[in-house]
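Let us walk through this structure together, one piece at a time. Keep the 3D view open and turn it as you read.

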Amino acid sequence: MWKFLLKIAIIRYSFVIFIFTGENMIKVIAPMAGITDSNFALKVIPYGFDVFTLGGYNTDYKTVTAGEKILKRGRSEFIIPLEELYSYIENEINIIKNRHPEIKISVNLRATSPDSIIAISKINNLDIIEINAHCRQKEFLDIGCGQNMLNDLNNLNDFVSEVVKKVKSNQKVSVKVRANVKNVDNLIVAKEIENSGADYIHIDAMKPGVPNADFNLIKEISNETDIFIIGNNSIIDIESGKRMIDAGASGISIARALIDGKLNFDISKI
Ligand SMILES: Cc1cc2nc3c(=O)[nH]c(=O)nc-3n(C[C@H](O)[C@H](O)[C@H](O)COP(=O)(O)O)c2cc1C
């Protein structure tokens with residue numbers, strides 16, 4: 001009898017938690033250009049992730065040219081001819097969803113205008129469109145892309161709003177940003193992204209000179225906005241993951257700790 005009562009109490013309690021927290025916490029595999037493809041996905045998803053991010057991909061002539069220069073100087077990149085990009089990503093998604101139908105797929109996209117991102121958003125089974133306002137390689141900054149999008153907030157707002165307006169109704173929009181960029185106010189950026197209607201801010205909370213993420217910044221954004229925060233940077237164990245959630249992130253993402261296709265801690269404990 002007491003077991004039955006305990007079960008009822010657990011069900012009710014979980015329901016109350018769900019009502020108060022709205023959406024469940026999510027665990028995301030963050031994008032790593034040249035690495036996070038379907039082959040990599042099949043290795044790392046079983047560690048207990050909810051979302052896999054493909055890419056970043058270059059989606060227009062200028063970003064492809066920048067990507068080719070970056071590859072030439074020895075950094076990893078996905079180099080996919082523009083005319084094949086749509087079917088390439090579609091195929092990558094199908095490979096992952098065939099094995100893991102429950103996983104949500106995000107695709108990290110670099111672009112100099114919203115159009116090429118909107119075109120990719122029409123792919124079947126693509127759950128999350130992630131606008132890259134994060135990469136800091138000189139070749140991307142020179143064309144006003146990646147992290148440089150944070151320098152012109154009117155343009156960022158127009159860009160994100162346009163994508164939000166044009167994606168399919170069952171898709172979500174994420175904006176991946178880097179924190180603590182010189183002359184950029186992190187909080188104003190977060191508010192602008194929220195105002196433009198994005199569903200997630202995926203924030204690389206790096207802080208120069210500090211080995212862990214900028215948890216104070218995550219706290220500030222979570223106190224001052226209602227946007228769903230995916231907290232990223234230096235999550236390498238259960239403790240750093242918990243700290244990110246305690247600071248106010250609604251989700252966590254991991255890149256480098258997965259780079260060998262393995263995770264050496266139990267993510268279910270976060
Ligand atoms: C090899 C490599 C490639 C990356 N490529 C991208 C990219 O294309 N787009 C992007 O938004 N972030 C990219 N990142 C950044 C990661 O997604 C993440 O923000 C960063 O590594 C910090 O998280 P971590 O401490 O878990 O690694 C890349 C990181 C690495 C190490």
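Eight strands form a closed barrel here, in the order β1-β2-β3-β4-β5-β6-β7-β8, and their pairing is parallel. From one strand to the next, the twist averages 25°. Please keep in mind that this is a predicted model.

Let us follow the barrel strand by strand. Strand β1 covers residues 26-29, and it pairs with β2 in the parallel sense over two bridges. To find this pairing on your screen, look for Val-28, whose bridge partner in β2 is Val-51. Strand β2 itself spans residues 51-58 and is mostly covered, with eight of its eight residues buried.

On we go to β3. This strand, residues 104-110, runs parallel to β2, and seven bridges join the two. Val-51 turns up here as well, standing opposite Lys-104 in β3. How many of the seven residues of β3 are buried? Six of them are, so the strand is largely enclosed by the rest of the structure. Next comes β4, residues 128-133, which pairs with β3 in the parallel sense over four bridges. One place to look is Val-107, whose bridge partner in β4 is Ile-129.

Further round the barrel you will meet β6, made of residues 200-204, and β7, made of residues 228-232. These two strands are also paired in the parallel sense, over five bridges. Tyr-200 stands opposite Phe-228 in β7.

Now for a helix. Helix α3 runs from residue 61 to residue 72, which gives 12 residues. From its first C-alpha to its last it reaches 17 Å, close to the 16 Å expected at 1.5 Å a residue. Which residues of α3 are buried? They are Lys-62, Thr-63, Ala-66, Gly-67 and Ile-70. If you look down the axis of α3, these buried residues fall within an arc of 135°, so they line one face of the helix. The numbering makes sense once you recall that an α-helix has 3.6 residues a turn, so residues three or four places apart point the same way. On the other side of α3 you will find Tyr-61 and Lys-72, which are exposed.

Two residues outside the helices and strands make a helpful pair to study. Lys-207 lies in the loop between β6 and α9, the latter covering residues 215-224. Is Lys-207 buried or partly exposed? It has 16 other C-beta atoms within 10 Å, and a residue needs 20 or more to be buried, so Lys-207 is partly exposed. Its C-alpha atom is separated by 18 Å from that of Ala-257, 50 residues apart along the chain.

Leu-258 is found in the segment after β8, which covers residues 251-254. With 22 C-beta neighbours inside 10 Å, Leu-258 counts as buried. Met-32 is 226 residues apart from Leu-258 along the chain, yet their C-alpha atoms are separated by 10.0 Å.

Finally, turn to the ligand. Which of the 22 residues around the ligand come nearest? They are Ala-30, Ala-33, Gly-56, Ala-255 and Arg-256. As for the character of this shell, its residues divide into 10 nonpolar, nine polar and three charged.

Definitions and conventions:
Residues are numbered from 1 along each chain as its sequence is written. This is a predicted model: local features need pLDDT of at least 70, side-chain atom pairs count only at pLDDT 80 or more; totals for chains, interfaces and linings use all residues. A residue is near a molecule or strand if its C-beta atom, placed from the backbone, lies within 6 Å of it. Ala, Val, Leu, Ile, Met, Phe, Trp, Tyr, Cys and Pro count as nonpolar, Asp, Glu, Lys and Arg as charged, and the others, Gly among them, as polar. Two strands pair if DSSP finds at least two bridges between them. Axes are lines fitted to C-alpha atoms, for helices over the stretch in contact, and angles run from 0 to 180 degrees between N-to-C directions. The expected span of a helix is 1.5 Å times one less than its number of residues. A residue is buried if 20 or more other C-beta atoms lie within 10 Å of its own, exposed if 12 or fewer, and partly exposed in between; C-beta atoms are placed from the backbone. The arc is that of the directions from the helix axis to the C-beta atoms.
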